[in-house]
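Hello,

Here is the structure I promised to pass on to you. Have a look at it first, and then read on for what turned up in it.

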Amino acid sequence: MSMSEKKTSKTKMSQAEMNETKKNIIETEAPKQESQKPIKLYVLTGFLGAGKTTLLLHLLEHFADKKIGVIQNEFGRLGVDGPRLRQDGIEMVEINRGSIFCSCLKLSFVQALAELGKRDLDFLFVESSGLSDPSNIREILSAVAELGVNSLKFCGVICLIDAVNFFRQCSEETRIVGTVLPGNQTPGRSIPGENGKHDREGISATSFKAGKHPPYKDEEDEEDRRKNASENTCTVTRQLAHCQLALINKVDLVDDVQLKKVEEAVRHINPHCLIARSERGHFDLELLNQDLLSRSRTAACEASLNTNENKPKTFSLSCGDVLPSASFMAFLKVCQADAFRIKGTVHLDTGWRQVDTVEKLIDLKETEAQNESTLVFLSKIGPELIRTVDRAWKAQDLPPMKLKN
């Protein structure tokens, strides 16, 4: 098979896959509307912890008088944010255990879009996982149209940027990849670093020499880890390169100097998208009345970096006992360095808390009581994190728990 044939087989859906999807949709088809009105479709992207779920909750609140559909995607087996999004009147589909842009879930995503496209909706919002690469969104929408569903009016990709952690995320991905930023970047082109200087490929040489990178056990482990991490984390720039609206979130947590540097870096990666600012997921909703597609040129459709082979390891922890707060926080601090994300709900001695960690931040919020404490881990280091979690839990002498893949 030639290289072009291999590429086509990876990026295009086979006729057999399309036929199977058509069959599934016919079996579950909703009653057709006499005159199907256009459904405005927005895809929300952004790296882990950027604030996508918070933004989506604000959108649901703002459009409370509209008929809304939501497709929510998480890498873990358990959908942590799904219960927060379920509201009366919301048509919701959860797609977990991978990226909706990966071949492992792409057909499920096409089917969900096609089925919701037959509903009587005003808006359809897709919240993708923080590690999802949406580079093939046009191909997916074309597949939906081939199924005879033409009601979806694609209005654009909205990418959230974490103003606090953006440069750390970019430095990590370019350190690991070590070649070229995806999307509109070109070989040798740089993005401004956090210090305002243009380090080649956006990485500070001093950061690398200072050892600001995770330890590796040996050369073989280093090679495997670099390969997996490069494919998982370079989605930061892919997400930006393929968006029509870039929302720089958490502007209340950075100063004006930092904010301007982030805006300059975003513009280097995507010279054509609209850029706006957001605080705690709130932004100027008048932007949604603009024709985002006509006001910005879009990067060409390409194969998503998400594959079944580089899918990050996820697993969950459950415990039925009350946890001492100090010991639990010490446990989290040990684990978070090797986890892209830790999310869930826990029963602490101070009450039930929603847990969310990203980078060095640990966020605990009051939440409703659950049947048991549950945490979902998205690992940077593959299955090795399971051992770290088990040891850290036992080191804090916490109550018995169960780990599940």
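Let me start from the inside. The largest nonpolar core has 52 residues, and those with the most contacts inside it are Ile71, Phe109, Leu113, Phe166 and Leu240. Helix H5 gives the most to this core, with 6 residues. If you would like one residue to look around from, try isoleucine 71: beyond its neighbours within four places in sequence, its contacts are Val93, Ile95, Phe109, Ala112, Leu113, Leu116, Leu124, Phe125, Val126 and Glu127. Apart from this core lies another, of 24 residues, with Leu44, Leu59, Leu274 and Phe283 among them. As a general point, nonpolar side chains in soluble globular proteins tend to be buried together.

Please keep in mind that this is a predicted model. For the overall picture, the protein chain holds 14 helices and 15 strands. Of its 405 residues, 52% count as buried. Among contacts with a separation of 6 or more, 77% are between residues 24 or more positions apart.

The parallel sheet

In which order do the 7 strands of the parallel sheet come? The sheet is open and reads S3-S2-S4-S1-S5-S8-S9. Strand S3 (91-96) and strand S9 (274-277) stand at the edges with a single partner strand each, so one side of each has no neighbour in the sheet. On average, neighbouring strands here are turned by 20° against each other, direction ignored.

For a detail to look up, take strand S5 (residues 152-162) and strand S8 (residues 245-249), which run parallel and are joined by 5 bridges. Aspartate 162 has asparagine 249 in S8 as its bridge partner. Helix H3 (residues 52-62) packs on the sheet, where it touches strand S1 (39-46), strand S2 (68-74), strand S4 (123-127), S5 and S8. The direction of H3 makes about 155° with that of S1. Helix H5 (residues 106-116), the one that gives the most to the 52-residue core, lies across S1, S2, S3, S4 and S5 and runs at about 175° to S3.

The antiparallel sheet

There is also an open sheet of 6 strands with antiparallel pairing, in the order S13-S12-S11-S14-S10-S15. Its edge strands are S13 and strand S15 (402-404), each of which pairs on one side only. Here neighbouring strands are turned by 15° against each other on average, direction ignored.

S10 and S14 run antiparallel and are joined by 6 bridges, and threonine 314 has leucine 378 in S14 as its bridge partner. Helix H13 (residues 325-335) packs on this sheet and touches S10, strand S11 (339-348), S12, S13 and S14, with its direction at about 170° to that of S11. Helix H14 (residues 384-395) packs on the sheet too, touching S10, S11, S14 and S15, and its direction makes about 20° with that of S10.

At one edge of the sheet you will find a hairpin. Strand S12 (residues 351-358) and strand S13 (residues 361-366) run antiparallel, joined by 6 bridges, and valine 355 is bridged to leucine 364 in S13. There are 2 residues between the two strands, and glutamate 359 in the turn has a positive phi of about 50°.

Aromatic rings

How many aromatic pairs are there? The count comes to 10. One of them joins phenylalanine 166 and phenylalanine 167 edge-to-face, at 5.5 Å centre to centre and 70° between the planes. Phenylalanine 166 is buried, with a relative accessible area of 2%, and phenylalanine 167 counts as buried at 4%.

Why is the pair of phenylalanine 315 and phenylalanine 377 called stacked? The ring centres are 5.0 Å apart and the planes stand at 10°, and planes under 30 degrees apart count as stacked. Phenylalanine 315 lies in strand S10 (residues 314-319) and phenylalanine 377 in strand S14 (residues 373-379), so this pair ties together parts that are 62 residues apart in sequence. Both phenylalanine 315 and phenylalanine 377 are buried. Ring pairs also link Phe315, Phe328, Phe331, Phe377 and Trp393 into a cluster.

One helix to finish

Helix H11 (residues 256-269) has 14 residues, which at 1.5 Å a residue should span 20 Å, and its end C-alpha atoms are indeed 20 Å apart. Its buried residues are Gln258, Leu259, Lys261, Val262, Ala265, Val266, His268 and Ile269.

Enjoy exploring it!

Best wishes

Notes: Residues are numbered from 1 along each chain as its sequence is written. This is a predicted model: local features need pLDDT of at least 70, side-chain atom pairs count only at pLDDT 80 or more; totals for chains, interfaces and linings use all residues. Side-chain values use heavy atoms; hydrogens and water are left out. Two strands pair if DSSP finds at least two bridges between them. Helices (H or I, at least four residues) and strands (E, at least two) are DSSP runs, numbered from the N terminus. Axes are lines fitted to C-alpha atoms, for helices over the stretch in contact, and angles run from 0 to 180 degrees between N-to-C directions. Contact means heavy atoms within 4.5 Å. A nonpolar core is a set of buried Ala, Val, Leu, Ile, Met, Phe, Trp, Tyr and Cys residues joined through side-chain atoms within 4.5 Å. Buried means under 20% relative accessible area, exposed over 50%, partly exposed in between (1.4 Å probe, protein chains only). The expected span of a helix is 1.5 Å times one less than its number of residues. Rings of Phe, Tyr and Trp (its six-membered ring) pair if their centres lie within 6.5 Å; planes under 30 degrees apart count as stacked, over 60 as edge-to-face and the rest as tilted.
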